[in-house]
Number of protein chains: 2
Amino acid sequence: MPVTLRDVARLASVSTKTVSRVVNNQGEISQTTRQRVQAAIEQLGYRPNILARSLVSQRSNSLAVVASGVEYYGPSHTLVGIEQQCYELGYSLLLSLLPRPDDTNVSPVLDAFVARRVDGIIWAVPEIGNNRTWIQPDLLQHLPPIVFLSMEPRPGLSVVAVDNRAGAAQAIQHLIDQGRRKIGVITGPLDWWEARERCAGCRDTLQWAGLEILPSQMVEGDWSASSGERGMRKLLAHHPDLDAVFACNDQMALGALGVAHQLGRRIPQDTAIVGFDNIPESAHFWPSLTTVQQQLVDAGCIAVQVLQKLIEAKRQDRDHAEPMATLLPTQLIVRASSLGAPGNA
Amino acid sequence: MPVTLRDVARLASVSTKTVSRVVNNQGEISQTTRQRVQAAIEQLGYRPNILARSLVSQRSNSLAVVASGVEYYGPSHTLVGIEQQCYELGYSLLLSLLPRPDDTNVSPVLDAFVARRVDGIIWAVPEIGNNRTWIQPDLLQHLPPIVFLSMEPRPGLSVVAVDNRAGAAQAIQHLIDQGRRKIGVITGPLDWWEARERCAGCRDTLQWAGLEILPSQMVEGDWSASSGERGMRKLLAHHPDLDAVFACNDQMALGALGVAHQLGRRIPQDTAIVGFDNIPESAHFWPSLTTVQQQLVDAGCIAVQVLQKLIEAKRQDRDHAEPMATLLPTQLIVRASSLGAPGNA
DNA sequence: TTGTAAGCGTTATCAC
DNA sequence: GTGATAACGCTTACAA
């Protein structure tokens, strides 16, 4: 039923090799033969079998991505960037989703990729708890090149990540610039590397500014709006005089806004609020939310580009292409929720 | 470098076929040989090459999904369901994203799938404008089985979709039940099939209730919060006495909420607002949003299940497995933005 | 410019 | 139970 190279060759009265050459645009071929072959291809509706090609050429022209939480803003945007770049480079993309991002048993997915002989792997699962323990030199040796996203840079590994620390610093610095002095923070879950980085960015900046931050001025959330609510309540209970709150993502900021409304607190006059992510809705929160934007699509694109370099290097036996860590800058988006000095109408 | 079946066979002093049998758990094999072979596999770190297997077995054990807008709530959740079900059924998943969902030139992606010999395709791109014209019997014949998501059911095609019409009807009926009588609607872009369905659901329900709806009571949005703002302004300009607004997704509802705040309109006392989707943030809007929930993950799962049935049928030459249309119910989530009769404090 | 033969890593057939 | 041998559809030497 399926048309093969042989069928085309027979119909065009040439050898299979000639057909192969036409299909792959390689080598010199006379106009007449080329046209005859192309006609036969058309007529038969021939489609090359990439599996067979991969088998002999020892490269599948496919990459694999392992992601988690693609129903959320960050991961989904990163995935878009990855897919886009794969498409442009001519790679097919195999997708695998981890239901639990803190899972440490990753061999099933890795095995499947190896079995399919993918040329490279993008690990787009956030670094949580000890979910990086599987990364071992001897294991990596038997794996195709890998690029890690949103992970703490480690020697010998290629990592692409957003500069969460600098992003949080921008947010805090902005609040200080606006005249805020008593700043609370609702952090992400602290077993996440990215959450810890944002935390560190806050601490650094407050310290530089000579502002003290009590332990009770930092509460831990879980990225959800509900946890933002709880966090805001706790913060205000301990420190009714807070004039600003930095929530480490926009959902938690949304929860904080809700509590402020319920308590009759004016935003930004009484308390300024800043988020992180710049989800599309944040521009329409009430009031509109100041936040920190990440270049997530770019991160995905870059990860694929880096991966391609690694693959190329390996292919040329320059196996020891120096792995690189890429850190992407963030951008502060200033909106109503933080504008103006405290107390002003 | 890569270990093959042959290497294992050599080390275990058996034939390749025997190793193959061990790997695939098929046929009777003596305990001793099996153990010897397994030891060799371990020792060599052998990984079967699925490409080669696919070549000879004429099935790739992989599915492909074409999606669009996975950075948004609906598509990303559907994708999660698809991936989940693929994983459970042992399929690998090839992902392709359409940058423009209304694109009509889909042959590049389809060709790539055919070239990779995927066993089936899930078309998870919303039906927009004429982006379904590529679906032709003669084209489909040369393609593996396909299941379409979020598309108007058509004879001869397998479709899985949410019952948008019924969902919108639930929303409107709820508003009527709450005593609302002058209801405005902010629709999605009307070249989207899903948007038209929600529209139709509104019209049907209002008609049954004997409530008239003027053309100026329905304004078209583009799913974005900004368009919800514009729509709300337009609605209130023409009809200051509207006591309810149904926005056909939560983002537009958010925009409508913002305008209400700016105009000092009380929600829900002056105007009730209902959305569609139940994005996680909607529970934390101010006030919390009544909305319609879709079973998007389920839709993805079901699509894969249906696809598997089609594949199985084709394989057994019962090529004409009757295609089916599946319509999934929605659920109304009642929250503060619509509770209580109009005018009450 | 084109053709021949070998082989990529599996599984299937049919013997033994 | 197990093992030769021939596919699967393609590319790559190496010839011609």
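Which way does α1(A) pass α3(A), in a left-handed or a right-handed crossing? The legends below start with that spot in this predicted model.

**View 1. Helix α1 of chain A packing on helix α3 of chain A.** Here α1(A) passes α3(A) in a right-handed crossing. The two helices cover residues 5-12 and residues 31-44, and they pack at an angle of about 125° with their axes 9 Å apart. Angles between 115 and 145 degrees fall in the oblique class, so α1(A) is oblique to α3(A). On the α1(A) side, the contact comes from D7(A), V8(A), L11(A) and A12(A). Facing them from α3(A) are R36(A), V37(A), A40(A), I41(A), Q43(A) and L44(A). Sort this contact by class and you get seven nonpolar, one polar and two charged residues.

**View 2. Chain A as a whole.** Chain A has twelve helices and twelve strands. Line its C-alpha atoms up along the principal axes and they fill a box of roughly 85 × 40 × 30 Å. The radius of gyration of chain A is 26 Å, whereas a compact globule of 345 residues would be near 20 Å.

**View 3. Where chain A meets chain B.** On chain A, 39 residues are in contact with 39 residues of chain B. Which elements give two or more residues to the chain A side? They are α4 (50-57), α5 (73-89), β2 (92-97), α6 (107-115) and α11 (250-262) of chain A. That side of chain A splits into 19 nonpolar, 13 polar and seven charged residues.

**View 4. The surroundings of DNA strand C.** There are 28 residues around DNA strand C, and both chains show up among the closest: E28(A) and T33(A) from chain A, plus L5(B), S20(B) and N49(B) from chain B. Chain A puts in at least two residues from each of α2 (16-24) and α4, and chain B does so from each of α1 (5-12), α2 (16-24) and α4 (50-57). As for class, count eleven nonpolar, twelve polar and five charged residues on this surface.

**View 5. The surroundings of DNA strand D.** Now look at the 27 residues around DNA strand D: L5(A), S20(A) and N49(A) come nearest, along with S15(B) and V56(B). Each of α2 and α4 of chain A, and each of α2 and α4 of chain B, supplies at least two residues of this surface. By class, the surface near DNA strand D divides into eleven nonpolar, twelve polar and four charged residues.

Technical notes
Residues are numbered from 1 along each chain as its sequence is written. Chains are lettered from A and ligands numbered from 1 in the order in which they are written. This is a predicted model: local features need pLDDT of at least 70, side-chain atom pairs count only at pLDDT 80 or more; totals for chains, interfaces and linings use all residues. Axes are lines fitted to C-alpha atoms, for helices over the stretch in contact, and angles run from 0 to 180 degrees between N-to-C directions. Helices (H or I, at least four residues) and strands (E, at least two) are DSSP runs, numbered from the N terminus. Angles under 35 degrees count as roughly parallel, over 145 as roughly antiparallel, 65 to 115 as roughly perpendicular and the rest as oblique. A crossing is left-handed if the near helix is turned anticlockwise from the far one by less than a right angle, and right-handed if clockwise. Two residues are in contact if their C-beta atoms, placed from the backbone, lie within 7 Å. Ala, Val, Leu, Ile, Met, Phe, Trp, Tyr, Cys and Pro count as nonpolar, Asp, Glu, Lys and Arg as charged, and the others, Gly among them, as polar. A residue is near a molecule or strand if its C-beta atom, placed from the backbone, lies within 6 Å of it. The radius of gyration is taken over C-alpha atoms; the globule rule is 2.2 Å times the number of residues to the power 0.38.
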